[in-house]
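Student: I would like to learn how to read a structure like this one. Please show it and take the features one at a time.

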Amino acid sequence: MALSDIQDRITKEEARMGRTPGSAQLIAVSKVQPLERVVAVLEEGHRVFGENKVQEAAGKWPDLKEKFDGVELHLIGPLQTNKTRQAMGLFDVIHSVDRPKLARAIARIADEEGHCPRLFIQVNTGEEDQKAGVLPGDLAELVALCRELNLPVEGLMCIPPSDEEPSLHFALLAKLAKKHGFEGLSMGMSSDFERAIAQGATYVRVGSAIFGERDYA
Ligand SMILES: *Cc1c(COP(=O)(O)O)cnc(C)c1O
């Protein structure tokens with residue numbers, strides 16, 4: 001089964017790099033997948049899932065969380081400020097904090113609700129126009145703001161440009177995390193998660209290699 005194959009490959013790469021077993025956690029990215037495939041992975045015992053759209057996640061996960069105990073849900077896609085409250089109610093971890101306005105909205109809602117998800121700051125390491133994420137040059141300022149707001153930021157996240165060697169971006173993200181004192185690194189997808197683990201990923205986000213190709217039709 002694909003899930004156990006991926007888990008084996010993660011374990012092997014951790015061992016090859018001399019890392020602690022379990023130090024790279026697998027987020028199964030279930031966006032767009034048919035419900036029966038998601039249920040199959042839940043029935044195998046996996047509990048850590050990622051979605052990239054608030055609306056889509058809101059349509060399936062409340063039910064699935066009722067049926068399966070211990071689900072941990074990660075938002076890995078961009079977050080619009082007007083969906084912040086909904087996202088904070090639904091997700092345990094948000095990987096896409098990337099601007100001051102969003103950081104302030106999260107802090108305000110966390111105050112009101114008395115609860116805040118765990119957070120990652122998304123960095124646009126390739127400085128691509130169309131991609132979400134704070135530019136590397138603006139990261140220090142955003143980190144300072146998050147600390148001032150007492151936000152529970154535990155690391156950095158990136159999605160490398162599709163036409164570049166991802167390892168360079170993973171190494172840059174690792175360097176930025178170290179500089180700012182973060183332990184968490186959310187990086188690596190189906191095609192490159194082993195390279196991400198070699199560079200220190202603590203979360204890899206794997207979709208199609210577990211569930212099969214996404215059918216957007
Ligand atoms: C879809 C998605 C993934 C998973 O991609 P695969 O190539 O299917 O593994 C990982 N990270 C983010 C941010 C995504 O949107």
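Tutor: Start with contact, which means heavy atoms within 4.5 Å. Leaving aside neighbours within four places in sequence, Lys60 is in contact with Ser30, Lys31, Val32, Gln33, Leu35 and Glu51. Before going on, note that this is a predicted model, in which local features need pLDDT of at least 70 and side-chain atom pairs count only at pLDDT 80 or more, while totals for chains, interfaces and linings use all residues. Residues are numbered from 1 along each chain as its sequence is written, and side-chain values use heavy atoms, with hydrogens and water left out.

Student: In which element does Lys60 lie, and is Lys60 buried or exposed?

Tutor: Elements come from DSSP runs, numbered from the N terminus: helices are H or I with at least four residues, strands are E with at least two. Lys60 belongs to helix 3. For exposure, buried means under 20% relative accessible area, exposed over 50%, and partly exposed in between, with a 1.4 Å probe and protein chains only. Lys60 has 11% relative accessibility and counts as buried. Its C-alpha atom is 10.0 Å from that of Val38, and the two residues are 22 apart along the chain.

Student: Which residues of helix 2 are buried?

Tutor: The general idea comes first. An α-helix has 3.6 residues a turn, so residues three or four places apart point the same way. In helix 2, residues 35-43, the buried ones are Val38, Val41 and Leu42. Viewed down the helix axis, these buried residues fall within an arc of 105°, so they line one face of helix 2. The arc is that of the directions from the helix axis to the C-beta atoms. On the face turned away from the buried side are the exposed residues Glu36 and Glu43.

Student: What do the buried residues of helix 2 pack against?

Tutor: They pack against helix 1 (2-16), strand 2 (48-51), helix 3 (54-67) and helix 9 (208-211). After helix 2 comes Gly45, with a positive phi near 105°.

Student: Which residues other than glycine have a positive phi?

Tutor: Most residues other than glycine have a negative phi, and most peptide bonds are trans. Here Glu127 has a positive phi near 50°, and Asn150 has one near 60°. Glu127 is in the loop between strand 5 and helix 6 (139-148). Asn150 sits in the loop between helix 6 and strand 6 (153-157) and is exposed, with a relative accessible area of 70%.

Student: How do I find the residues around the ligand?

Tutor: A residue is near a molecule if one of its heavy atoms lies within 4 Å of it. The residues around the ligand are Val29, Lys31, Ile76, Ile159, Met189, Ser190, Arg205, Val206, Gly207, Ser208 and Arg214.

Student: Which side chains have polar atoms paired with ligand oxygens, and at what distances?

Tutor: A polar contact is a pair of N or O atoms within 3.5 Å; within protein, one must be able to donate a hydrogen and the other to accept it, and residues adjacent in sequence count only if both atoms are side-chain atoms. A polar side-chain atom of Ser190 is 2.5 Å from a ligand oxygen. For Lys31, an N or O atom of the side chain is 2.7 Å from an oxygen atom of the ligand, and for Arg214 such a distance is also 2.7 Å. The protein covers 89% of the 380 Å² of accessible area that the ligand has on its own; accessible areas come from the Shrake-Rupley method with a 1.4 Å probe, and for residues only the protein chains shown count as cover.

Student: How many disulfides are there?

Tutor: A disulfide is a covalent bond between the sulfur atoms of two cysteines. The test is a pair of cysteine sulfur atoms within 2.5 Å. A search of the whole structure finds 0. The sulfur of Cys146 is 9.7 Å from the closest cysteine sulfur, in Cys116, too far for a bond. Cys146 is buried at 2% relative accessible area, whereas Cys116 is partly exposed at 24%.

Student: What does Thr81 touch?

Tutor: Thr81 is in the loop between strand 3 and helix 4 (84-90). Apart from neighbours within four places in sequence, Thr81 is in contact with Arg99, Lys101 and Ala105. Its side chain makes a polar contact of 3.0 Å with the side chain of Arg99.
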